[in-house]
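This report walks through one structure, moving from strand pairing within a chain to the surroundings of the nucleic acid. The reader may wish to keep the sequence and the coordinates side by side while following it.

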2 protein chains.
Amino acid sequence: MANLFENISEKNILKLKRILSANTVKYKKNVNILSNVNQDNFIALVDSGSVQFIFNDYDGNKTIIEELNSGEMFGNLISNITSEEITCITKEDTQITYIEFDEITNDEIIKNDFYIIFIKNLIKLLTDQLTTRNNRIELLTKRSTRDKILAYFKNESQKKGTKKFNMPMTFTELANYLSVDRSAMSREIKYLKEEGFIEVNGKRITIKY
Amino acid sequence: MANLFENISEKNILKLKRILSANTVKYKKNVNILSNVNQDNFIALVDSGSVQFIFNDYDGNKTIIEELNSGEMFGNLISNITSEEITCITKEDTQITYIEFDEITNDEIIKNDFYIIFIKNLIKLLTDQLTTRNNRIELLTKRSTRDKILAYFKNESQKKGTKKFNMPMTFTELANYLSVDRSAMSREIKYLKEEGFIEVNGKRITIKY
DNA sequence: AAATTAATGTTGCATTTGCAACATTTTACA
DNA sequence: TGTAAAATGTTGCAAATGCAACATTAATTT
């Protein structure tokens with residue numbers, strides 16, 4: 001995953017962060033950080049660790065809207081976090097750097113020649129996130145649980161370039177990601193195994209068609 | 001919707017387009033333009049008209065991945081259009097401007113003082129698109145057709161700031177957008193009417209709760 | 001204005017799915 | 001390392017959904 005400070009020297013990163021008035025905060029695991037991010041026009045960089053945006057349904061269902069790992073970014077400018085039902089939880093110990101969005105084009109910063117690199121990195125990050133969203137939408141629009149599972153496996157397989165790969169998340173998380181009932185998904189995977197489409201050993205998936 | 005050339009004078013827009021080697025193409029209605037966009041690292045601006053990205057399922061189902069209107073942008077850097085099953089169709093007569101992505105930071109362009117405005121516009125466009133995607137994901141992850149419909153209506157209502165509003169698309173398109181069977185959605189809307197949650201007169205929706 | 005095409009409304013039926021309620025296994029952590 | 005918590009597997013059942021096949025209405029095109 002792209003990094004906002006890629007190809008910028010340590011010295012210049014420090015300078016950049018100072019010019020941007022960047023604010024770095026450390027969080028413990030399983031902490032709700034949304035209270036900290038409920039303000040306008042900022043971006044938040046996940047320096048290390050990971051966070052999950054979870055939608056809490058009125059009848060107790062939880063849906064993972066998205067999961068962001070080290071190097072990724074979010075912000076209410078970007079995520080449009082409006083509903084109170086959405087919480088942002090750290091999955092592990094996590095460090096986050098906050099930057100006011102308007103600072104990104106402030107007078108001082110544009111004098112530096114690393115600015116172009118920074119902007120390129122930022123645009124790359126945004127387009128990567130768009131790609132991530134598009135991929136998920138493509139899965140979510142599949143008509144059946146079976147099609148969602150198969151499409152997900154196909155994607156993973158293509159990403160890894162092999163028909164054998166390890167699931168990067170738990171089945172419980174996958175069910176959330178695909179927005180289907182976990183037990184129904186488990187049942188469907190059983191059928192797929194029985195019908196010889198896939199093999200499953202723990203997190204190891206083998207596509208057989 | 002934001003525009004890539006907002007707050008830039010006509011004169012400078014022309015200059016910008018020249019420096020970017022922008023290439024403008026006009027299309028008739030219902031034309032498949034994907035063949036033109038199947039190359040690396042470009043962005044495409046919808047100057048006028050609109051296009052739809054449609055996923056053609058192996059068993060004949062069509063799903064609208066996204067619809068882009070005047071002022072919006074796409075590109076394989078952004079949309080990650082890889083599958084051959086996806087086509088991009090003009091919904092009406094449409095004009096599109098293509099820009100090579102690498103040109104965005106070329107040597108000549110960064111000398112101009114309208115460059116910062118351009119970059120701000122670009123980032124705004126990207127974050128707007130991310131917001132659009134996030135909104136759709138939030139709808140798609142709803143467990144039931146009923147919840148999807150209600151969430152969609154609630155969103156539209158909030159956007160317009162009133163409990164009475166006109167649907168900006170047909171019900172057929174809405175079914176695609178929410179990725180549910182059209183007739184099943186029609187049935188569910190009937191139930192919602194019967195139970196007094198909503199009123200429907202043609203495209204005019206009234207939320208009654 | 002007539003004709004063609006697209007959109008909408010409806011309903012029976014088979015299938016899929018969510019839900020609940022478990023037992024079992026794996027993982028995390030005190 | 002022992003215990004608590006999380007993940008996984010399974011299944012019956014009711015409800016939701018997709019599908020197909022229509023009739024009807026609205027919109028577009030010529």
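## The hairpin and its third strand

In strand E10 of chain A, A:Arg204 is the bridge partner of A:Asn201, and this pair belongs to the antiparallel pairing of strand E9 (residues 198–201) of chain A with E10(A), which runs over 4 bridges. The model is a predicted one. Between the two strands of this hairpin there are 2 residues, and A:Gly202 takes a positive phi near 60° in the hairpin.

E10(A), which covers residues 204–207, also pairs in the antiparallel sense with strand E8 (residues 164–166) of chain A, over 3 bridges. A:Arg204 appears here too, as the residue of E10(A) that is the bridge partner of A:Asn166.

## The four-stranded sheet of chain A

Chain A also holds an open sheet of 4 strands, with the order E1-E7-E2-E5 and antiparallel pairing. The edges are formed by strand E1 (23–27) and strand E5 (73–74), each of which has a single partner strand, so that one side of each is left without a neighbour in the sheet. Elsewhere in this order, strand E2 (residues 42–48) and strand E7 (residues 94–100) of chain A pair in the antiparallel sense over 6 bridges, and A:Ser48 stands opposite A:Gln95 of E7(A).

A:Val25 lies in the edge strand E1 of chain A. With a relative accessibility of 23%, A:Val25 counts as partly exposed; the limit for a buried residue is under 20%. The C-alpha atom of A:Val25 is separated by 27 Å from that of A:Glu173, a residue 148 positions away along the chain.

## A buried acidic residue before strand E5

A:Glu72 has its place in the loop between strand E4 (62–69) and E5 of chain A. Although A:Glu72 is buried, it has no salt bridge, and the nearest side chain of opposite charge, that of A:Arg133, is 6.3 Å away. A polar atom of the A:Glu72 side chain does, however, lie 2.7 Å from the backbone nitrogen of A:Asn69.

## Helix H6 of chain A

In H6(A), the buried residues are A:Glu173, A:Leu174, A:Ala175, A:Asn176 and A:Leu178. The helix is followed by A:Ser179, which has a positive phi, near 55°.

## Surroundings of DNA strand C

Around DNA strand C there are 18 residues, of which A:Lys29, A:Ser144, A:Thr145, A:Asp181 and B:Thr172 come nearest. Of the atoms of this strand that come within 4 Å of the protein, sugar and phosphate account for 47%. By class, the residues of the surface near strand C comprise 3 nonpolar, 7 polar and 8 charged.

Contacts to the bases of DNA strand C come from both chains: a polar side-chain atom of A:Ser183 lies 3.2 Å from a base nitrogen, while an N or O atom in the side chain of B:Arg182 is 3.1 Å from a base oxygen, and a polar side-chain atom of B:Arg187 lies 3.3 Å from a base oxygen. The elements that give two or more residues to this surface are helix H7 (182–194) of chain A, together with helix H6 (171–178) and helix H7 (182–194) of chain B. The largest share, 5 residues, comes from H7(B).

## Surroundings of DNA strand D

Which residues come nearest to DNA strand D? Of the 19 residues around this strand, they are A:Phe171, A:Thr172, B:Ser144, B:Thr145 and B:Asp181. Sugar and phosphate make up 44% of the atoms of DNA strand D that come within 4 Å of the protein, and the surface near this strand has 3 nonpolar, 7 polar and 9 charged residues.

Phosphate oxygens of DNA strand D lie 3.0 Å from a backbone N or O atom of A:Phe171, 3.3 Å from a polar side-chain atom of B:Lys29 and 2.7 Å from a backbone N or O atom of B:Thr145. Two or more residues are given to the surface near DNA strand D by each of helix H6 (171–178) and H7 of chain A and H7 of chain B. Here the largest share, 5 residues, comes from H7(A).

How values were computed:
Residues numbered from 1 in each chain as written. Chains lettered and ligands numbered in written order. Predicted model: local features only at pLDDT ≥ 70, side-chain atom pairs only at ≥ 80, totals over all residues. Heavy atoms only, no water. Near = heavy atom within 4 Å. Polar contact = N/O pair within 3.5 Å; in protein donor to acceptor, adjacent residues only side chain to side chain. Nonpolar A, V, L, I, M, F, W, Y, C, P; charged D, E, K, R; others polar. Pairing = 2+ DSSP bridges. Buried < 20%, exposed > 50% of the residue type's maximum accessible area, 1.4 Å probe, protein only. Lys, Arg positive; Asp, Glu negative; His and termini not counted. Salt bridge = Lys/Arg side-chain N within 4 Å of Asp/Glu carboxyl O.
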